[in-house]
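Here are some notes to read with the structure open beside you. They go point by point, so feel free to click along.

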Amino acid sequence: MIPALTMKGGSQWRTPVYVGAGILADPALWDLVFPVGGRVALVTDDNVVAHYGDRLGSGLANRSINQSVVPAGEASKSRQQKVGIEDHWIDSGIGRDGYCVALGGGVVGDLAGFCAATYLRGIPVVQVPTSLVAMVDSSIGGKTGIDIPSGKNLIGAFHPPRAIIVDVDVLSTLPDDELRNGLAEVVKHGAIADASLLDFVADNLPAIFARDTDILTELVTRNISIKANVVEQDEKEGGLRQILNFGHTVAHALELLANYDLAHGAAVAIGMVAECRMAETVRGLPADASQRLSSLLEQIGLPTRCDLGFPVDAVLNASQTDKKVRQGQVRYALINRLGGLDPDPQFGFAVPVPDDAARAALELILQNP
């Protein structure tokens, strides 16, 4: 087991990323990550701790572990949970020699990372993603945050992790629907950066759902490399990093309207279909590229339409909370070819979309009764 890669950011931070099978319980790996004397401020959720708490404890042998367990689910990415964790750390005497370990999916990673970013003005965090979404996307790049009633991830900080440990064995207990959610982000990476990744997914779907560790290791490593390459060039989303939001402007609007009862991967899949239609009009994306992406999403078992009854105007209004809004105008990260997103000469990597084009795309994916 060796680091899959080392990420370097614009502020000269470096994050070793370890990918392998069965590495979570390896004390030698944890000795590389941080000193034996460092206190562990573990944040996890009630589902994950039941499956992997003991395994992580074996890896962190001879360390003092202070544990915070939150309910599983998006609702835990809240101000209330953040305050509770911070108060617990203060009461437990976690100091600057402490290390936060985020064991869980994207919710735990975002919440724990944000706590680590602000506690005592910042303590190190080690991300240990346990969902495919977190492995290929949310644990990579240092974004942390919580949700508020106005929208998703609107309060947070950039706080690059000290290390990322990806044990693909933990995917053995991940339900198929959650695996599909992660594959939505994989498809996004293929759409924006590497069309051959889409072929890899299509050709290896049975092995992926069988949790073949070699295939999963390659899948995760390729996706980490794509995201790391983007983050290294644009740590704080000033330009290129916006391409990682392909499909997410519509997705976040749908999630907000659904009170986050719509799975993130499902929302992203629907969002990519809608934004492909916008891209056909605004960026000249070939129609057969849109069809290829939609077909792969359907092959995976992800939705390409939303049947929750949201009006077009409601989705457009909800999209106003997106972080890419500039001077009141929503901008979308739209691909202009499958496997690439080249900057628009005027607007760069996120472009405005005329109302008629946005409406036409949303009418296509909103299956209203």
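1. Glu298 is a good place to begin. With a relative accessible area of 47%, Glu298 is partly exposed, because that class covers values between 20% and 50%. Glu298 sits in helix α11. Please keep in mind that this is a predicted model. If you would like a distance to check, the C-alpha atoms of Glu298 and Asp288 are 15 Å apart, and 10 residues separate the two along the chain.

2. From α11 it is a natural step to helix α7, since α11 (287-300) is among the elements that cover the buried residues of α7. The others named there include α6 (176-193) and α8 (213-233). Which residues of α7 are buried? They are Leu197, Leu198, Phe200, Val201, Asn204, Leu205 and Ile208. As a reminder, an α-helix has 3.6 residues a turn, so residues three or four places apart point the same way. You may like to look at the list with that in mind.

3. Now for the shape of α7. The helix runs over residues 195-209, 15 residues in total. From first C-alpha to last, α7 reaches 21 Å, close to the 21 Å expected at 1.5 Å a residue. Where does α7 bend? The bend, about 60 degrees, is at Asp203, and the proline Pro206 follows within four residues. I would mention both the span and the bend when you describe this helix.

4. Phe209 also belongs to α7. Its relative accessible area is 22%, so Phe209 falls in the partly exposed class, buried being under 20%. Leaving aside neighbours within four places in sequence, Phe209 is in contact with Asp176, Leu179, Arg180, Leu183 and Ile300. By contrast, Leu366 lies 29 Å from Phe209, C-alpha to C-alpha, with their positions 157 residues apart in sequence.

5. Next, a few backbone angles. Most residues other than glycine have a negative phi, and most peptide bonds are trans. Following α7 comes Arg211, whose phi is positive, near 60 degrees. Asn62 has a positive phi too, near 70 degrees, and is found in the loop between α2 (46-59) and β4 (65-70). For Asn259 the positive phi is about 55 degrees; this residue is in the loop between α9 (248-257) and α10 (264-282).

6. Are Asn62 and Asn259 buried or exposed? Asn62 is at 73% relative accessibility and therefore counts as exposed, the class for values over 50%. Asn259, with a relative accessible area of 60%, is exposed as well.

7. Two further asparagines are buried. Asn223, in helix α8, has a relative accessible area of 0% and is therefore buried. Beyond residues up to four places away in sequence, Asn223 touches Val136, Glu185, Val186, His189 and Leu197. Leu197 is one of the buried residues of α7. Asn336 is in the loop between β10 (331-332) and β11 (351-352). At 17% relative accessibility, Asn336 counts as buried because the value is under 20%.

8. What does Asn336 contact, apart from its neighbours within four places in sequence? The partners are Arg283, Gly284, Leu285, Pro286, Leu341 and Asp342. For Arg283, the C-alpha atom is separated from that of Asn336 by 5.1 Å, although the two residues are 53 residues apart along the chain.

9. Ala116 is another buried residue, at 0% relative accessibility. You will find Ala116 in helix α4 (residues 106-118). Not counting residues up to four places away in sequence, Ala116 touches Trp89, Cys100, Gly122, Ile123, Pro124, Val125 and His159. Lys82 is 34 residues away from Ala116 along the chain, with 10.0 Å between their C-alpha atoms.

10. Last, the enclosed space. How many cavities of 30 Å³ or more does the structure hold? There are two. The second largest cavity has about 40 Å³ of space. Its lining is made up of Gln127, Ser138, Ser139, Gly142, Lys143, Thr144, His159 and Pro161. By class, that lining has six polar residues, one nonpolar and one charged. His159 links this point to the previous one, as a lining residue of the second largest cavity and a contact of Ala116.

Technical notes
Residues are numbered from 1 along each chain as its sequence is written. This is a predicted model: local features need pLDDT of at least 70, side-chain atom pairs count only at pLDDT 80 or more; totals for chains, interfaces and linings use all residues. Side-chain values use heavy atoms; hydrogens and water are left out. Helices (H or I, at least four residues) and strands (E, at least two) are DSSP runs, numbered from the N terminus. The expected span of a helix is 1.5 Å times one less than its number of residues. The bend at a residue is the angle between axes fitted to the seven residues ending there and the seven starting there. Buried means under 20% relative accessible area, exposed over 50%, partly exposed in between (1.4 Å probe, protein chains only). Contact means heavy atoms within 4.5 Å. On a 1 Å grid over the protein atoms alone, a cavity is a set of points where a 1.4 Å probe fits but cannot get out, and a pocket is an open set with protein on both sides within 12 Å along at least five of seven lines; lining residues have an atom within 4 Å of a point. Grid points are joined across faces, edges and corners, and a volume is the space filled by probe spheres set on the points. Ala, Val, Leu, Ile, Met, Phe, Trp, Tyr, Cys and Pro count as nonpolar, Asp, Glu, Lys and Arg as charged, and the others, Gly among them, as polar.
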